[in-house]
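Grab a pencil and work through these exercises with the structure open beside you. Try each task before you read its solution.

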Amino acid sequence: MDIEELIKAITIQVLSMVNKKVLIFISGGVVNIEEEFDVLNGFNNLKYSLVLSDSAKEVIPKQFIEDLNADLIIDKKLLSKKINEVDFVLIPVMTRNILAKTALGIRDTFITTGISDSIMKNKKIIVVKDSFDPDNPVNISLGYSQNISYNEMIKNHIKTIEGFGVTFINASELKKAIDELIRIEDKVPEQIASIKKVINKTQHITKEMDGITLKGIITKTDLLPLGGCRNINVEKGAVITPLAKDYIDSENIEIVYLD
């Protein structure tokens, strides 16, 4: 592999790390949604696709949705394709209704079917629980956490879905959770350093190999170990076999015949 091919291969790896595809499901909750959308808008390296429930279309401010610059998914086939393609799934807003249906495996709407498919395909899924969490200060202040038995039902639904491999977090933890998934701060500098190290090493080896001199009968077997060399000196009287000549032509190797 020459230097250009090496750079291309490593660059593709780095870009795949920092340009993540994310599928977002949003239902009609309203607790801490401004904070959540601010976090999502802060990641310029994420490509969002978005599924909205009917209630979300009514209660989520349109400006919040537009600012995400996301692809809105309304087609079942496209949704299935997106689930297969994305690196992870975010559910920054989930209602108690969607929570309960997800826990029970109910697939009666576009959004519940999408979430269910994502779970069955074992995608990495993060759910912000503020809208339904009985321990959330907003829900407590609104009086939605007074029935202990109902609270336990909600917590049991959370436990069931956690058993599917889904991670629940608070809105305040959303940025950290995404950072951990894409690991921009840690991995990208590490990968860039690796590129520089490999390029420097390859350039050093190539420099040492350039101008190498061969003599006698030169076969393709003699040339193969010199993959990084693009300039070969051939002593007077040396013979290059036909297969070696074909290899020289295919690799664009320059031959200098010495007097």
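Here come four exercises on this predicted model, each with a worked solution.

**Exercise 1: Get an overview**

Task: Find out how many helices and strands the protein has, and what share of its residues is buried.

Solution: Start by counting elements: you should end up with 13 helices and 11 strands. Next, look at burial, where "buried" means under 20% relative accessible area. Of the 259 residues in the protein, 42% pass that test. Finally, check the contacts between residues at least 6 apart in sequence: 67% of them join residues at least 24 apart.

**Exercise 2: Put the strands in order**

Task: Work out the strand order of the open sheet of 6 strands and name its edge strands.

Solution: Step across the sheet from one side to the other and you read 3-2-1-4-5-6, with parallel pairing. Now look for strands that pair on one side only: these are strand 3 (71–72) and strand 6 (167–169), so they are the edges by the pairing rule. Then zoom in on two of the pairs. Strand 1 and strand 2 are parallel and share 7 bridges, and here Ile-26 sits opposite Leu-52 of strand 2. Strand 5 and strand 6 also run parallel, joined by 3 bridges. In strand 6, Phe-168 is the residue opposite Val-127.

**Exercise 3: Look at what covers the sheet**

Task: Is strand 1 mostly covered or mostly open, and which strands does helix 2 lie across?

Solution: Take strand 1 (20–26) residue by residue. You'll find that 6 of its 7 residues are buried, which makes strand 1 mostly covered. Now turn to helix 2 (residues 33–41): this helix lies across strand 1, strand 2 (46–52), strand 4 (88–93) and strand 5. Last, compare directions: helix 2 runs at about 150 degrees to strand 4.

**Exercise 4: Explore the cavity**

Task: Say how many cavities of 30 Å³ or more there are, and describe the lining of the largest one.

Solution: The count first: there is 1 cavity of 30 Å³ or more. The largest cavity has a volume of about 30 Å³. Its lining is made by Ile-91, Met-94, Thr-102, Ile-115, Ile-119, Ile-125, Val-127, Ile-161 and Val-166. Helix 7 (110–120) and strand 5 (125–128) are the elements that give two or more residues to this lining. Now sort the lining residues by type, and you get 8 nonpolar, 1 polar and no charged. You've met one of them already: Val-127 lines the cavity and also stands opposite Phe-168 in strand 6.

Note on methods:
Residues are numbered from 1 along each chain as its sequence is written. This is a predicted model: local features need pLDDT of at least 70, side-chain atom pairs count only at pLDDT 80 or more; totals for chains, interfaces and linings use all residues. Side-chain values use heavy atoms; hydrogens and water are left out. On a 1 Å grid over the protein atoms alone, a cavity is a set of points where a 1.4 Å probe fits but cannot get out, and a pocket is an open set with protein on both sides within 12 Å along at least five of seven lines; lining residues have an atom within 4 Å of a point. Grid points are joined across faces, edges and corners, and a volume is the space filled by probe spheres set on the points. Helices (H or I, at least four residues) and strands (E, at least two) are DSSP runs, numbered from the N terminus. Ala, Val, Leu, Ile, Met, Phe, Trp, Tyr, Cys and Pro count as nonpolar, Asp, Glu, Lys and Arg as charged, and the others, Gly among them, as polar. Two strands pair if DSSP finds at least two bridges between them. Contact means heavy atoms within 4.5 Å. Axes are lines fitted to C-alpha atoms, for helices over the stretch in contact, and angles run from 0 to 180 degrees between N-to-C directions. Buried means under 20% relative accessible area, exposed over 50%, partly exposed in between (1.4 Å probe, protein chains only).
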